[in-house]
Every structure is written in C-alpha cells, then in structure tokens.
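Hi there,

Here is the structure I promised to pass on to you. Please have a look at it first, and then read on for my notes.

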Amino acid sequence: MTNYNDKPMTTVQWFWTMVILAVPLLNVIMYIVWACGSGNRSRVTYCRASLLIGLIGIIIYVVLLGLGIVAGQSLSTAP
C-alpha cells in the first residue's frame, strides 16, 4: 500500500520527523512504518536508506565480532 506525497517536505515537517526519530523505541517503529511507504516520498526514501545503512552496520559488526572471537580463542589455545 503506497501512499506517496510527492510535494517537498517543509522545514517544520523535517523538524518533527527528526524529533520523532530521536525518541527511543518510537524511532524504530516509525522507521519501519515510513520505510513501508506511508507518507512523503522523501521521508520514505530517507527511512529506507537509514534502515539499509543500519543493516549493513549490523552485518559488519557481527562479522568483526565473529573474527574477534575466533582470534581470541586461537590465541588462548596457543602453547
């Protein structure tokens, strides 16, 4: 269900978007709601890009954490 509004967002709309995204837990919910296509096209695109960057960051974190664990175990078992 896409409900795009193609008009540019005003400064006040961006201000309230940033305020909402600064509130813990509410920000995660609103990122998902807005990324699914509810609202202004600029906001939808911004939320999709932010979620993508967050996902890439989590993947990199998990890979580096795994490498650190493997390296730590190999050092602790060295003679």
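**What I found**

Let me start with a loop residue: Leu25 is exposed, because its relative accessible area is 63%, over the 50% cut-off for that class. Please keep in mind throughout that this is a predicted model. Leu25 sits in the loop that joins H1 to H2. Its backbone is worth a look too, since phi of Leu25 is near 70 degrees, a positive value in a residue other than glycine.

**H1 against H2**

On either side of that loop, the axes of H1 and H2 come within 8 Å and cross at roughly 125 degrees. That angle makes H1 oblique to H2. From H1, the residues that take part are Thr17, Ile20 and Leu21, and they meet Leu26, Asn27, Met30, Tyr31 and Trp34 of H2. Sorted by class, this contact of H1 with H2 has six nonpolar residues, two polar ones and no charged ones.

Asn27 is one of the residues to click on here. Asn27 belongs to helix H2, and it counts as buried because its relative accessibility is 18%, with the limit for buried set at under 20%. If residues up to four places away in sequence are not counted, Asn27 touches Ile20 and Leu21.

**H2 against H3**

The next pair is H2 and H3, which pack at an angle of about 120 degrees with their axes 8 Å apart. H2 is therefore oblique to H3. The crossing in which H2 passes H3 is left-handed. On the H2 side you will find Tyr31, Ile32, Trp34 and Ala35, and they meet Arg43, Val44, Tyr46, Cys47, Arg48, Ser50 and Leu51 in H3. The classes in this contact of H2 with H3 are eight nonpolar, one polar and two charged.

Ile32 is among the H2 residues in that contact. It lies in helix H2, which covers residues 26-35, and counts as partly exposed because its relative accessibility is 45%. The C-alpha atoms of Ile32 and Cys47 are separated by 7.6 Å, although the two residues are 15 residues apart along the chain.

**H1 against H3**

H1 also meets H3. The axes of helix H1 (residues 11-21) and helix H3 (residues 41-76) come within 12 Å, and they cross at roughly 30 degrees. This crossing of H1 and H3 is right-handed. Gln13, Trp14, Thr17 and Leu21 make the contact from H1, while Ser42, Arg43 and Tyr46 make it from H3. In this contact of H1 with H3, three residues are nonpolar, three are polar and one is charged.

Some residues turn up in two of these lists. Thr17 and Leu21 of H1 are in the contact with H3, and Thr17 and Leu21 are also among the H1 residues that meet H2. Likewise, Arg43 and Tyr46 of H3 are in the contact with H1, and both are among the H3 residues that H2 meets.

**The core, and Cys47**

Which residues make up the largest nonpolar core? There are six in all: Leu21, Met30, Tyr31, Trp34, Ala35 and Cys47. H2 gives the most to this core, with four residues.

Is Cys47 buried or exposed? Cys47 is buried, because its relative accessible area is 0%. It lies in helix H3. Leaving aside its neighbours within four places in sequence, Cys47 is in contact with Tyr31, Trp34 and Ala35, and those three belong to the same core as Cys47. For a distance to H1, try Cys47 and Ile20: the pair is 27 residues apart in sequence and 12 Å apart in space, C-alpha to C-alpha.

**Before H1**

One last residue for you is Thr10, in the loop between strand E1 (3-5) and H1. Thr10 counts as partly exposed because its relative accessibility is 42%. From Thr10 to Ser74 the C-alpha separation is 55 Å, with the two residues 64 residues apart along the chain.

Happy viewing, and best wishes!

Notes: Residues numbered from 1 in each chain as written. Predicted model: local features only at pLDDT ≥ 70, side-chain atom pairs only at ≥ 80, totals over all residues. Heavy atoms only, no water. Axes fitted to C-alpha atoms, helices over the stretch in contact; angles between N-to-C directions. Helix = DSSP H or I, 4+ residues; strand = E, 2+ residues; numbered from the N terminus. Left-handed = near helix turned anticlockwise from the far one by under 90°. Contact = heavy atoms within 4.5 Å. Nonpolar A, V, L, I, M, F, W, Y, C, P; charged D, E, K, R; others polar. Buried < 20%, exposed > 50% of the residue type's maximum accessible area, 1.4 Å probe, protein only. Parallel < 35°, antiparallel > 145°, perpendicular 65-115°, else oblique. Core = buried A, V, L, I, M, F, W, Y, C linked by side-chain atoms within 4.5 Å.
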